[in-house]
Amino acid sequence: MEDEFAIQSFKPTLSANLAFQRKLLPIFKYRESLLYAIETFQVTLLHGHTGCGKTTQLPQYLYETGWTKEGKIIGCTQPRRLVARSVASRVSEELKTEVGKTCGYKIQFEHNVSSETKIEYMTDGSLLKEILTDPLLERYSVIMIDEVHERTVNIDLLLGILKRILLKRPDLRVILASASANIQKLNNFFYEQDKINTNIISVEGKLYPVDVMYLENPTENYVNTAVETVLNINSSYPSGDILVFLTDRREVDECVKRIEAFSVTTPEDLPMLVPLPLYSGLTMDEQLRVFDIYEQRFRKVIFCTNIAEASVTIDGIVYVIDSGLCKLRIFNPYSRISKLIRVPISKSNAIQRTGRAGRTNPGKCFRLFPKNVYDSLKDESDAEISHTDMLPVVLFLKSIGLRNINQFPFFVPPPTVHIIAALEDLYFLGAIDDYSNLTDPTGFQMVELPLDARLSKALLSSATYDCTYAMLNIVSVVMAGDVFYRPARNHHEATACHATFITEEGDILTCLNVLESFLVRKKDMKWCKTNFLNYNTLNHASEIRRHILPYLQRFRISPERRLTDTGSSKIIECLLQGFFRNVAHLQDDGSYKTISGSPVWIDQKSTMNNKNIPWIMFTSMVEYEGRAFINGITKIESKWLEKFYNRKK
DNA sequence: CTCTCCCT
């Protein structure tokens, strides 16, 4: 084993103290210099490793020093809802108050804040939404953006927006916290470009040392090598759980199966391997199994996707095996098709994955690629804004009054073709007019609705088609995701159960059927289980539904409007108002072509597979290995389309 | 003929 890997030492920083006392967190030593920097400079760039305490401590330091004395509050954003909520409860514990008093949180579907709240944790999306009603964010004296290195679209948007606000509000303080050392670009963005004073502070983390090992030669099959490495660790390394980074659920399931098969024949003297899958498609119960504690004679092996890189943290991992790859969704602005591709991770991702081994013990990381491959990796992954659909971004920027999208101070500007595609789509959806201004009311209402723009358009059109009640349920369930649960073990049984919900019109009305049954049965979890329905998705759909209702009231669209006849054609015609571009026509050879001429294939999971319907509408399209697969299929009649396109002209 | 991960 040792021979296969060239040994390299990794980050020897070590803080042996595990006490939870606030003063023992690494950030405490920097308390005064941080407070001085925030007092003096408009922007503080905080480079802090995982576990340094920046997220829980810094807002408290600011609160203790009086940054909330003049009625303003301290805001701290997180990319994930769960973290915003749990950090607020941790800080409340430290403050010896209930959540929602001095410290609270605000995330979609849930907020726990009051007039006494001084420290608010929120999702970055939630802060962006606030810009619509408080353009200068005047409630805040300090805003901290956490996990800036993740460079999601929301974070990039906030960077630009905060820069605009800082130029108008010299009293505002901004803290940008990043786990990446590459902070100089942020400094240039604020100081070199606009002379906004910045200061950089670096805080070391609380990680145990992790030895990093590389393969001498590249592997031809990283899945095989991952399994072999697991078996080698089990036979030659001391006890400790293993975390294996792969790219998708198929690889994860395969590895779990192979280790299961091996476990039956484990020699008596070796720990028994317990393989566990971890990816977002699992139910909550299945995901929680990775936290189970086993007796000494067992060894957990968790096969995971990117979910464990930042979103799920498991203590007790001693060994990390890193494939060096992940899956990425890339949007094509010409075809509007997204594709999922397997790409090499960045150095920063590799370091983050390695750190998953050093949380509670010193660890080892086995990189399934040679050192020279590591050296050739990019320092950072490309920002999401460079390869994703810009429609929601452009819609948002229009709503804050940007006539020309180029006026926005992007940290990294998205490609022009992406902007043009988004403008074109928004125009045809009726969200912007001939002068590229947001339309009233459609455009303004679309900005407010927390839905995909096409679904928003369909919902806003529903009053005209007398189907708001149905459309409210449809947009909720389509946003929520796949309602059918298809376990590999009892696939036939599941298919038989699902058949009872299927409508001849297609997937969308089938999903509507499922959601309405779910609501009639008062969200019965047991009923979901016996019918192989995804409880999480349906519950999420019902939350979205509840969340959207007040918007409809405000827009004076009555949700009670429902069709008196049993015909579903009005509903589908209404859906077409949003999805008129997502139409495909059956060809003589049984394949489909979209109206723009691209060949597409109906997803195997669709209830409309092999039905040979001449004209169909779809709600999603993903490319895989050169083929575009469509899902959310609904039967349409060509005459609706003719009517629609004629009217559009 | 398969589906990284979040979020308003």
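**View 1. Strands E2 and E9 run side by side in this predicted model.** E2 covers residues 43-48, and its pairing with E9 is parallel, with 6 bridges between the two. To get your bearings, start at valine 43: its bridge partner in E9 is threonine 198.

**View 2. Now the whole open sheet that E2 and E9 belong to.** There are 8 strands here, and reading across gives E5-E4-E6-E3-E7-E8-E2-E9, with mixed pairing. At the edges sit E5 (110-112) and E9 (198-203), each of them paired on one side only. Going from one strand to the next, the twist averages 20°.

**View 3. Helix H4 lies across part of the sheet.** H4 takes in residues 124-131 and lies across E3 (73-78), E4 (103-107), E6 (119-123) and E7 (140-145). Relative to E6, the helix runs at about 100°.

**View 4. Here is the protein surface around DNA strand B.** Count 31 residues surrounding the strand, with Arg81, Thr123, Lys327, Asp603 and Lys605 the closest. Of the DNA strand B atoms that come within 4 Å of the protein, 58% are sugar and phosphate. By residue class, the surface splits into 11 nonpolar, 10 polar and 10 charged.

**View 5. Zooming in on side chains and phosphate oxygens of DNA strand B.** Threonine 123 has a side-chain N or O atom 2.7 Å from a phosphate oxygen. For threonine 305, a polar side-chain atom also sits 2.7 Å from a phosphate oxygen of the strand, and lysine 327 has one at 2.7 Å too. Two or more residues of the nearby surface come from each of H4, helix H8 (249-263) and strand E15 (325-331). H4 gives the largest share, 3 residues.

Technical notes
Residues are numbered from 1 along each chain as its sequence is written. Chains are lettered from A and ligands numbered from 1 in the order in which they are written. This is a predicted model: local features need pLDDT of at least 70, side-chain atom pairs count only at pLDDT 80 or more; totals for chains, interfaces and linings use all residues. Side-chain values use heavy atoms; hydrogens and water are left out. Two strands pair if DSSP finds at least two bridges between them. Helices (H or I, at least four residues) and strands (E, at least two) are DSSP runs, numbered from the N terminus. Axes are lines fitted to C-alpha atoms, for helices over the stretch in contact, and angles run from 0 to 180 degrees between N-to-C directions. Contact means heavy atoms within 4.5 Å. A residue is near a molecule or strand if one of its heavy atoms lies within 4 Å of it. A polar contact is a pair of N or O atoms within 3.5 Å; within protein, one must be able to donate a hydrogen and the other to accept it, and residues adjacent in sequence count only if both atoms are side-chain atoms. Ala, Val, Leu, Ile, Met, Phe, Trp, Tyr, Cys and Pro count as nonpolar, Asp, Glu, Lys and Arg as charged, and the others, Gly among them, as polar.
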